[in-house]
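Got your viewer open and a hand on the mouse? Let's take a walk through this protein, one selection at a time.

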Amino acid sequence: VHPLVLRRSSNSGGCLSSGSHLRSLFLHSSKRNYQLRGRHAVVTGGSKGIGKEIAKSLLKRGSNVSIFARKESDLKKACEELQTYANQLGCNQQVRWYSVDMMTKYQEIEETIRVAETELGPVDVLINNAGHSVQDAFEKIPIDDFEKQVRVNYLSAVFATRAVVGGMQSRRSGHISFVSSAAGQCAIYGYTAYSPTKFALRGLADSLHMELQPYKIGVSLLYPPNTETEGFKEELLSMPEELVIISDAGGLASPSQVAEAHVKDIMDGGVLYYRWVRGMDAGCSLCWCCPREECMQSHRTVSPAWSSSLRDAHLCGILQPSGQGLLEEREMKKEEEKEGKEGERKDE
């Protein structure tokens, strides 16, 4: 039986609480400020993009940081950059890197975390940032990619969390963060393999929040929009035109902006979620991509009088023009490349 339930039931003569009372135990949680100075933070997918910037933000607050990723060359480069930054802070902070494929078996991820703990101490903060997207129409995505997306975007977070949660529970302290995506709130065209794995992180975070609340372990979930990272630039090269049009409405955030906002939220004791959406029109549009019931629970308030037909009209009116520029720019580049190749053939 959950510790919080046992404690409360013992005060009521040993009888377990009613369903409504149990809900109140978990839903009315208090915010707890969390200090990062001197903590050991592990960031998966920490060699680039949002992950590297989160590592930098954690260093700024006094943490020691271990970054996990697959490619050693990227890890070494990122670690040198982060350690240089840490040295400039003058607080004797340490940065370590560990090469591990986050799509591997649980035992290998756990072993890597144990090695990191021997160097910088027990893991106090875990940022589950590893992941990438596969995008295309459902029938065009290779069937194996659906399983790969589950492993890298969801199971990697399950495995890393499982490896650290026992220690956090025994110390009754810690924080676990999950980096989801705007596509984890709003499932749109082209993300049939990606979006479900990011939605799954929401379910995992919700459940963990309830289980870990009595142990004073924080759980947070980040929903970043399209962010100006190397990975996103690569995605743009093969992104379906429909997805370009839709996703562009949310704007483009910098990884440092996203990282700073999330780390501040962790320190402020944000119990569950930080949502980053740029622009009211984008917020409304993304909201109305969701089923009506989900939309009513959105962080932004939108009139419930909107019908589904008006929602579709709003999407067409708001999203299409803003994405058209990217499509035109991409077509111009294709034409330039084509003309360049034709020019080379003529020269030959």
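Start by selecting Cys91. Its relative accessibility is 38%, so Cys91 counts as partly exposed, in between the under 20% of a buried residue and the over 50% of an exposed one. Now pick Cys186, which is buried, with a relative accessible area of 4%. How many disulfides does the count come to? Zero. In case the word is new to you, a disulfide is a covalent bond between the sulfur atoms of two cysteines.

**Zoom out**

Before going further, keep in mind that this is a predicted model. Show the whole thing as a cartoon: you have 13 helices and seven strands to look at. Of the 348 residues, 49% count as buried. Taking the contacts with a separation of 6 or more, 73% are between residues 24 or more positions apart.

**Rings that meet**

Next, show the aromatic side chains. The structure holds four aromatic pairs, and we'll visit two of them.

Select Phe68 and Tyr98. Their ring centres are 5.5 Å apart and their planes are at 70 degrees, so this pair is edge-to-face. Where do the two partners come from? Phe68 sits in strand 2 (residues 64-69) and Tyr98 in strand 3 (residues 95-99), so to speak a link between distant parts of the chain, 30 residues apart. Phe68 and Tyr98 are both buried.

Now select Tyr106 and Phe159. Here the ring centres are 5.8 Å apart with the planes at 70 degrees, so this pair is edge-to-face too. Tyr106 belongs to helix 5 (residues 106-120) and Phe159 to helix 6 (residues 143-171), and the pair links these distant parts of the chain across 53 residues. Phe159 is buried, with a relative accessible area of 17%.

One more ring is worth a stop: Tyr85. Add Lys56 to the selection, and you'll find its charged end over the ring of Tyr85, 4.9 Å from the ring centre.

**Along helix 5**

You've already met Tyr106, so stay and select the rest of helix 5. This helix has 15 residues and reaches 21 Å from its first C-alpha to its last, close to the 21 Å expected at 1.5 Å a residue.

Colour Ile109, Thr112, Ile113, Ala116 and Leu120: these residues of helix 5 are buried. Why are they on the same side of the helix? They cover an arc of only 100 degrees around the axis, which puts them on the same side of helix 5. Give a second colour to Gln107, Glu111 and Thr118, which are exposed on the other side of helix 5.

What do the buried residues of helix 5 pack against? Show strand 1 (40-44), strand 2, strand 3 and helix 6, and you have the answer. After helix 5 comes Gly121, with a positive phi near 95 degrees.

**Into strand 1**

Now click on Thr44, which is in strand 1. Thr44 is buried, with a relative accessible area of 2%. Which residues is Thr44 in contact with, leaving aside its neighbours within four places in sequence? Light them up: Phe68, Met102, Leu126, Ile127, Asn128, Asn129 and Ala130. Phe68 should look familiar, as you saw it paired with Tyr98.

**Two loop stops**

Move on to Asn92, in the loop between helix 4 (72-89) and strand 3. Its phi is near 55 degrees, a positive value in a residue other than glycine. Is Asn92 buried or exposed? At 71% relative accessibility, Asn92 counts as exposed.

Then jump to Lys216, in the loop between helix 7 (195-212) and strand 6 (217-223). Lys216 is not a glycine either, yet its phi is positive, about 60 degrees. At 51% relative accessibility, Lys216 counts as exposed.

**Last stop: helix 10**

Finish by selecting helix 10 (residues 255-267). At 1.5 Å a residue, its 13 residues should span 18 Å, and its end C-alpha atoms are 18 Å apart, which agrees. Helix 10 is mostly covered, with 10 of its 13 residues buried. Try highlighting some of these buried residues, including Pro255, Val258, Glu260, His262, Asp265 and Met267. After helix 10, click on Gly269, whose phi is positive, near 80 degrees.

Definitions and conventions:
Residues are numbered from 1 along each chain as its sequence is written. Side-chain values use heavy atoms; hydrogens and water are left out. Rings of Phe, Tyr and Trp (its six-membered ring) pair if their centres lie within 6.5 Å; planes under 30 degrees apart count as stacked, over 60 as edge-to-face and the rest as tilted. Helices (H or I, at least four residues) and strands (E, at least two) are DSSP runs, numbered from the N terminus. Buried means under 20% relative accessible area, exposed over 50%, partly exposed in between (1.4 Å probe, protein chains only). A charge sits over a ring if NZ of Lys or CZ of Arg is within 6 Å of the ring centre and within 35 degrees of the ring normal. A disulfide is a pair of cysteine sulfur atoms within 2.5 Å. The expected span of a helix is 1.5 Å times one less than its number of residues. The arc is that of the directions from the helix axis to the C-beta atoms. Contact means heavy atoms within 4.5 Å.
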